[in-house]
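Open the model in your viewer and switch to a cartoon view. The stops below go from the sheet to the core and then to the backbone details.

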Amino acid sequence: MAIALDLINVVPNPYYAFSAYEVNQLDNRIKIVNLPAKCTVSIFTVGGTLVRKFNRDVPVDNSDGQVYSTSIPNREISLDWDLKNFKGIPVASGVYLIHVDAPGLGTKTIKWFGMTRPLDLDTF
């Protein structure tokens, strides 16, 4: 089960004001990948302030009724973070701690560095 936790990661890391996952100039987005179906993802500043929390509970549809910890075809195993806090305000550049708590598997903490860009409305 520890192997499943080792696969959890955040991409891109570091984030330098751009990611291939962004869909337009106003979008800021990273992905937390290889997540189990049921987990809680909490994002903290290095000072310990909770910035954002996601509760994942993806239903697993298997013909044999078993729940698998590995990826299942056609099931989303990643989580998008729009680099905003609970209130929808963009986070500042810096280091963040991403804590994943997966019941029955354990926990994993990932350090993530992001450099955000100022909004440039003159390019529209």
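Start with the sheet of this predicted model: select its five strands, which form an open sheet of mixed pairing in the order 2-8-7-4-5. The edges are strand 2 (15–16) and strand 5 (50–57), and each of them pairs on one side only.

**Strands 7 and 8.** Select residues 94–102 and 106–115. These are strand 7 and strand 8, which run antiparallel and are joined by nine bridges. At one end of the pairing, look for Ala-102, which stands opposite Gly-106 of strand 8.

**Strands 7 and 4.** Keep strand 7 on screen and add strand 4. This pair is also antiparallel, with six bridges. One of the pairings to label is Thr-40 with its bridge partner in strand 7, Asp-101.

**Strands 4 and 5.** Now move to residues 38–45, strand 4, and follow the chain into strand 5; seven bridges join the two in the antiparallel sense. Val-41 has Phe-54 of strand 5 as its bridge partner. The two strands make a hairpin with four residues between them, and in the turn Gly-48 has a positive phi of about 95°.

**The core.** Which residues touch the most other members of the largest nonpolar core? Show side chains for Ile-32, Leu-35, Val-41, Trp-81, Ile-98 and Trp-112; they do so within a set of 23 residues. Strand 3 (30–33), strand 4, strand 5, strand 6 (79–81), strand 7 and strand 8 each give two or more residues to this core. Strand 7 gives the most, with four residues.

Centre on Ile-98 and list its contacts. Leaving out residues up to four places away in sequence, Ile-98 touches Val-10, Ile-32, Val-41, Ser-42, Ile-43, Lys-108, Thr-109, Ile-110 and Trp-112.

**Two cis peptide bonds.** Go to the loop between strand 1 (9–11) and strand 2, where Pro-12 lies. The bond from Val-11 to Pro-12 is cis, with omega near -10°. Pro-14 is in the loop between strand 1 and strand 2 as well, and the bond joining Asn-13 to Pro-14 is cis with omega about 10°.

**Two positive phi angles outside glycine.** Select Asn-34, in the loop between strand 3 and strand 4. Asn-34 is not a glycine, yet its phi is positive, about 60°. Then select Leu-83, in the loop between strand 6 and strand 7; Leu-83 also has a positive phi of about 60° without being a glycine.

Are these two residues buried or exposed? Asn-34 has 32% relative accessibility, so it counts as partly exposed. Leu-83 has 2% relative accessibility and therefore counts as buried.

Conventions. Residues numbered from 1 in each chain as written. Predicted model: local features only at pLDDT ≥ 70, side-chain atom pairs only at ≥ 80, totals over all residues. Heavy atoms only, no water. Pairing = 2+ DSSP bridges. Core = buried A, V, L, I, M, F, W, Y, C linked by side-chain atoms within 4.5 Å. Buried < 20%, exposed > 50% of the residue type's maximum accessible area, 1.4 Å probe, protein only. Contact = heavy atoms within 4.5 Å.
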